[in-house]
Amino acid sequence: MAVDIDESQFQAAVIDRSREVPVVVDFWAPWCGPCRQLTPALERAAEARAGKVELVKVNTDENQNISRAFQIQGIPAVKAFKDGREAAQFVGAVPPAQVERFFDALVPSEAEQLVAAGDEQSLRRALALDPTRRDAKVKLAQLLFDRGERDEALELIDGLDGDFTAEALAARIRLEKEPGYDAAFKLLDEGNREQALDALIAAIPTADGLKDDIRRAVVGILSTYDQGDPTARNYRMKLSSALY
């Protein structure tokens, strides 16, 4: 059940509490028919996520100052707070399915929590729950690569276009199967990024059929630099010159 709070409790029950767990506020009034329709759906959603999100109610008739502060112009109005600030909102008696999606956006799914854990067992479980999770595939591929299981790592990330980390790792695995590229990646592993970049870019003119993978590997290395880094900018120009 939702807890009714007043203006004097709002700071502690909503703003402060939201730094520990998301708090959903149901702005309502006793005369509001749509409010009575919406509240049960909010309570069911909160109860299904007990311990992960909290639900409180604010009677707008009795707490007009807080209602004005948050610009409540129509009810029911629902606002979610995370980390001490408003994070999401909607107005009106929306369908239960939309309420569920609203709460889902606030509370990490099991797969998201598993990806955040980051160990192999958790990542594999996350992919079992959601085989499309790119973040789980990339993290697991990196773990497998680090312990030498390159073929399985490549299988996970091959074709994940648009992810610089995934593209770079897949390109590296493929390039390491070709003669002459081990030295560049050894330099990279030793922390010599610029020397590794020089070696890879220098190989482009004679790298028939491998230029695109070299480009992916170089772009992946460059993505590890801070945004606007002059060294990275210089190497992007060198890469462009070598390719075109």
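Start by selecting residues 164–175: this is helix H9, whose 12 residues reach 16 Å from first C-alpha to last, close to the 16 Å expected at 1.5 Å a residue (the expected span is 1.5 Å times one less than the number of residues). Helices here are DSSP runs of H or I with at least four residues, strands are E runs with at least two, and both are numbered from the N terminus.

Before going on, a word on the model: it is predicted, local features need pLDDT of at least 70, side-chain atom pairs count only at pLDDT 80 or more, and totals for chains, interfaces and linings use all residues. Residues are numbered from 1 along each chain as its sequence is written, and side-chain values use heavy atoms, with hydrogens and water left out.

**Around H9**

Stay on H9 and colour by burial. Nine of its 12 residues are buried, so H9 is largely enclosed by the rest of the structure (buried means under 20% relative accessible area, exposed over 50%, partly exposed in between, with a 1.4 Å probe and protein chains only). Among the buried ones are Leu-169, Arg-172 and Ile-173. To see what covers them, show helices H7 (134–146), H8 (150–157), H10 (182–189) and H12 (211–222), which are included in that cover.

Now zoom to the start of H9: a side-chain oxygen of Asp-163 comes to within 3.0 Å of the backbone nitrogen of Thr-165.

**Strand S2 and its neighbour**

Next, select residues 23–28. This is strand S2, and six of its six residues are buried, so it is largely enclosed by the rest of the structure. Val-23, Val-25 and Phe-27 lie on one side, with Val-24, Asp-26 and Trp-28 on the other. In a regular strand, side chains alternate between the two faces of the sheet.

Add residues 54–59, strand S3: six bridges join it to S2, and the two run parallel (strands pair if DSSP finds at least two bridges between them). For one bridge, look at Val-23, whose partner in S3 is Glu-54.

**The hairpin**

Move to S4 (residues 77–82) and S5 (residues 85–91), antiparallel strands joined by six bridges. Phe-81 has Glu-86 as its bridge partner in S5. Two residues separate the strands of this hairpin, and Asp-83 in the turn has a positive phi of about 55°.

**Zoom out**

Finally, show the whole protein chain, with its 13 helices and five strands. Its radius of gyration is 26 Å, well over the 18 Å that the globule rule gives for 244 residues, so the chain is more spread out than a compact globule (the radius is taken over C-alpha atoms, and the rule is 2.2 Å times the number of residues to the power 0.38). Along the principal axes, the C-alpha atoms fill a box of roughly 80 × 40 × 30 Å.

Methods:
Contact means heavy atoms within 4.5 Å. A polar contact is a pair of N or O atoms within 3.5 Å; within protein, one must be able to donate a hydrogen and the other to accept it, and residues adjacent in sequence count only if both atoms are side-chain atoms.
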